[in-house]
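Let's take a walk through this protein together, one neighbourhood at a time. Keep the 3D view open and click along as you read.

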Amino acid sequence: MIGGQRLIKRTHYVYCAQRWAAILALVVVAFAALRLWPQPPLSVYAPSSTAVLAADSALLRLTLAQDEQYRLWVPLENISPTLVEAVKLQEDRWFYWHPGVNPPALLRGAWETYSGGNKQGGSTLTMQLARLMYGLSTRTPTGKLRQIGHALWLEARYSKHDMLEAYLNLAPYGGNIQGVGAASLIYFGKTPDRLTLPETLTLAVIPQRPNHADPRPARNRLFARWQQHHAVSASEQRLMTLPLPLRSIGQLPFTAPHFAEQVLWQSEAYRHELQTTLQPRLQALLERQISQYIAQNGARGLRNATAMLVDTRNQAVVAMVGSADYRNTEIDGQVNGVLAKRSPGSTLKPFIYGLAFDQGVIHPQSILKDAPTAFGPFQPENFDGRFVGPISAHDALIHSRNIPAVHVASKLKQPSLYDFLKTAGVSRLRSEQHYGLALVLGGGEVTMEELATLYTMLANQGTLRPLRYLADDPAGDSIQLLSPEASYMTLNVLSDNPRPDSVAMARGNRWNIAWKTGTSWGFRDAWSVGVVGPYVLAVWIGNFDGSSNPAFIGIEAAAPLFFRIADALPITLPQDRDPLRLPPRKLKKIPVCSASGDLPNAWCPQTTDTWFIPGKSPIRVSNLHRPVVVDNRTGRAACPPYDPAATHTEIAEFWSSDMMRLFREAGMPRRAPPTAGCAGAGIASDEADVPHITSPLLNVAYTLRLSRPQETIALQATVGADARTLYWFSDKAYLGSQPANSGGIAWKPDSAGWHSLTVADDKGRSASRDVRVEVVP
């Protein structure tokens, strides 16, 4: 009987043990399933602020989260281990050992609280996290039980790592500040991985009394406990004796406001932290120089300016000022002028010449014509209203002559300037027909960002890459817009552009500067843009409302500010070096005839060196200087056979008729070559002496209005220096004659349709061109 009872009891115990083992196994399996089942990250339970940081991690801007809290979610790995240890020592030393609830601590806290002693909490970090996440009221036993339940539920689903990270990011730090990420930036101006020991201990004690005015007593008590568990160096001991003021929310940095807002706006995905490329020293330099310059020139109506500085070595935007004063409503200071579309004036001219170098239209010493010229209906003028006559491409770009630039642009094939800008990513361009050649002189609009990108391309051997605002921005796809040879030639010309002042800095204190100015039509925009050592600097002066000011001239308004900044850069950055830009190996330097820009013939008296791209640059032997056998008695070209005793040989310049006229109008008349006394006189001829019709233009339809009977079409042509008279014909009908060096004649067609024009000189040389005429009411 007794044995049977014992057997029954043993069987019961085994059954109970098996049942509890099964229950325990189910619990273990359930917990394992919960852990293995994908859970949303704890960071989704609270919206985060965004911290915009400079390249050196200095705070530029801290935004409010969507719930109006300053809360910056920081991964546990980016929080100082010292701070993590201090928080555990202060709040929950057994965090890694309990299942979310610490019963002894709870009992001790309840006894102290309800027995009339000091109020004391017994909540673990997990319980505090549950209260913060679910907004629990834990002042009553019911609330405390709910807190325990939520804590156990969190422990079942998340790792200790995740819960500790969540607590550190949600802990209260006074007012609307939550988490160590926001607290360390607001109170100490640094990220939570760079805190000192006093700062660390301060952040560890604040959550217990987040709105207490002075955390020092609690910090000192924690420090005493800290020393029991950790070694403290002498320097840390000294730091603990020093005052440690806490900054307020009102002292949050508001640095580079336009830059920070642009980065926040352009950021494609929401991020807790944006590490930018901005260099605080360079940002301060731009802001200081602009502020001083505007203050000094306010009497001239200079009230607003923008500037941008780009590191050409990595396309990083290292400084940017969107307006002269962000808080000045009178100038619309909150508008970011760097992104505003403005007329670039002449700042696009370097790219016209770069394209022309690449397409073999010109080389730097090619001679261009700066004279009144009509390009169909477009008749550009120079900024100063004058014309200088023949000028080299080098000097035409430096002195920003409009007529030569438009002429060069009209000779471009593929790509044209318009195609070039489209490929470069210039946005919101209208059709090419809308601009025509006016695009050369700023007829289109670009942003400062786009302009700086183009000049950065020049500095990078013609390779275009997007600008970078964030440290982790990829380099981006590259586009070869210009050849390295053309880019070098263009920068080489711009580096010869003289300063607008007489300042001469010591060679060791300055960088090479290749720069260009621009002035928009109507004096609305003044620009100065260029490559300064390893940087590209862009400066704009104007008004955001587009109002004009006669003082808004690039060389007078923008260039002085440009050079103030450019001169300060090597002083501010003594560790940076002016990069040595060597000519590409394919580029050659050759002598050309100074007067014509062509390869010197045997009679050219003076040569000039120029850069030359083999296989691209225009190559022809100069025919400007030619020998002439002159009759000693008459001074005219002698007729063969030549009598050595009665003749001598002279070297004459054979300028075309239009060039002779330009020299005369520019106040630099040239001596005409001796005239021929007979056919076959001793003058060397050249194919270039054949007349060349310059108006009407090829492939242009001319429209005449019946309502304006005075409208005519100009007939103009250039001819060799030995010609004296030109004769014009339309469909074999004689129209009239003109002196070879005059401005041409006016033609009034008698009907619409196609007409065949012919011009002939008095030497029997001729040229023809078909032109289409349309007649409208």
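Start with Phe 259: setting aside residues up to four places away in sequence, this side chain's residue touches Leu 60, Thr 276, Thr 277, Leu 278, Val 317, Met 320 and Tyr 469. Keep in mind that you're looking at a predicted model. Phe 259 also belongs to the largest nonpolar core, which has 76 residues. Together with Met 308, Tyr 353, Phe 420 and Leu 421, Phe 259 is among the members that touch the most others in that core. Which helix gives the most to this core? That would be H18, residues 448-459, with 8 residues. There is also a second, separate core of 52 residues, and Ala 166, Leu 222, Phe 223 and Leu 252 are included in it.

**Two helices with nothing showing**

Now for a pair of helices that are tucked away. Here they are side by side.

| Helix | Residues | Buried residues |
|---|---|---|
| H8 | 197-205 | 9 of the 9 |
| H13 | 349-358 | 10 of the 10 |

Why is H8 largely enclosed by the rest of the structure? Because 9 of its 9 residues are buried, where buried means under 20% relative accessible area. The buried list for H8 includes Leu 197 and Leu 201, but also Glu 199 and Thr 200. And what does the covering? Among the elements over the buried residues of H8 are H2, H7 (179-188), H9 (216-229) and H10.

H13 gets a matching description: 10 of its 10 residues are buried, so this helix is largely enclosed by the rest of the structure. Its buried residues include Tyr 353 and Phe 357, along with Lys 349 and Asp 358. You've met Tyr 353 already, as one of the residues of the largest nonpolar core that touch the most other members. Just after H13, look for Gly 360, which takes a positive phi of about 75 degrees.

**A proline out in the open**

For a contrast, find Pro 243, in the loop between H10 (234-241) and H11 (257-266). Is Pro 243 buried or exposed? It's exposed, with a relative accessible area of 70%. Pro 243 and Pro 198 are 45 residues apart in sequence, and their C-alpha atoms are 9.6 Å apart in space. Pro 198 is one of the buried residues of H8.

**Helices that cross**

Two packed helices are described by the angle between their axes and the distance between the axes. Try that on H2 (residues 81-91) and H6 (residues 160-170): their axes come within 12 Å and cross at roughly 85 degrees. H2 and H6 are therefore roughly perpendicular to each other. On the H2 side, Val 84, Val 87 and Glu 91 make the contact, while H6 brings Leu 164, Tyr 167 and Leu 168. Sort the residues of this contact by type and you get 5 nonpolar, no polar and 1 charged.

**An open sheet of five strands**

Strands of a sheet pair through backbone hydrogen bonds, either parallel or antiparallel. In this model, 5 strands form an open sheet in the order S7-S6-S14-S13-S12, with antiparallel pairing. S7 (316-321) and S12 (513-519) are the edge strands, each pairing on one side only. On average, neighbouring strands here are turned by 10 degrees against each other, direction ignored. S12 pairs with S13 (residues 525-532) over 7 bridges, and Ile 513 has Val 532 as its bridge partner in S13. Helix H12 (residues 280-296) lies across S6, S7 and S14, running at about 30 degrees to S7.

Inside S6 you'll find Asp 311. At 9% relative accessibility, Asp 311 counts as buried. Leaving out neighbours within four places in sequence, Asp 311 is in contact with Ala 316, Val 318, Pro 534 and Tyr 535.

**A strand with two faces**

Last stop: S22, residues 725-730, where the side chains alternate. Leu 726, Trp 728 and Ser 730 point to one face and are buried, while Thr 725, Tyr 727 and Phe 729 point to the other and are not. S22 runs antiparallel to S23 (residues 733-739), joined by 6 bridges, and Thr 725 has Pro 739 as its bridge partner there. The two form a hairpin with 2 residues between them, and Asp 731 in the turn has a positive phi of about 50 degrees. S22 is also joined to S25 (residues 753-761) by 5 bridges, again antiparallel, with Thr 758 as the partner of Phe 729.

Terms used: Residues numbered from 1 in each chain as written. Predicted model: local features only at pLDDT ≥ 70, side-chain atom pairs only at ≥ 80, totals over all residues. Heavy atoms only, no water. Buried < 20%, exposed > 50% of the residue type's maximum accessible area, 1.4 Å probe, protein only. Helix = DSSP H or I, 4+ residues; strand = E, 2+ residues; numbered from the N terminus. Pairing = 2+ DSSP bridges. Core = buried A, V, L, I, M, F, W, Y, C linked by side-chain atoms within 4.5 Å. Contact = heavy atoms within 4.5 Å. Axes fitted to C-alpha atoms, helices over the stretch in contact; angles between N-to-C directions. Parallel < 35°, antiparallel > 145°, perpendicular 65-115°, else oblique. Nonpolar A, V, L, I, M, F, W, Y, C, P; charged D, E, K, R; others polar.
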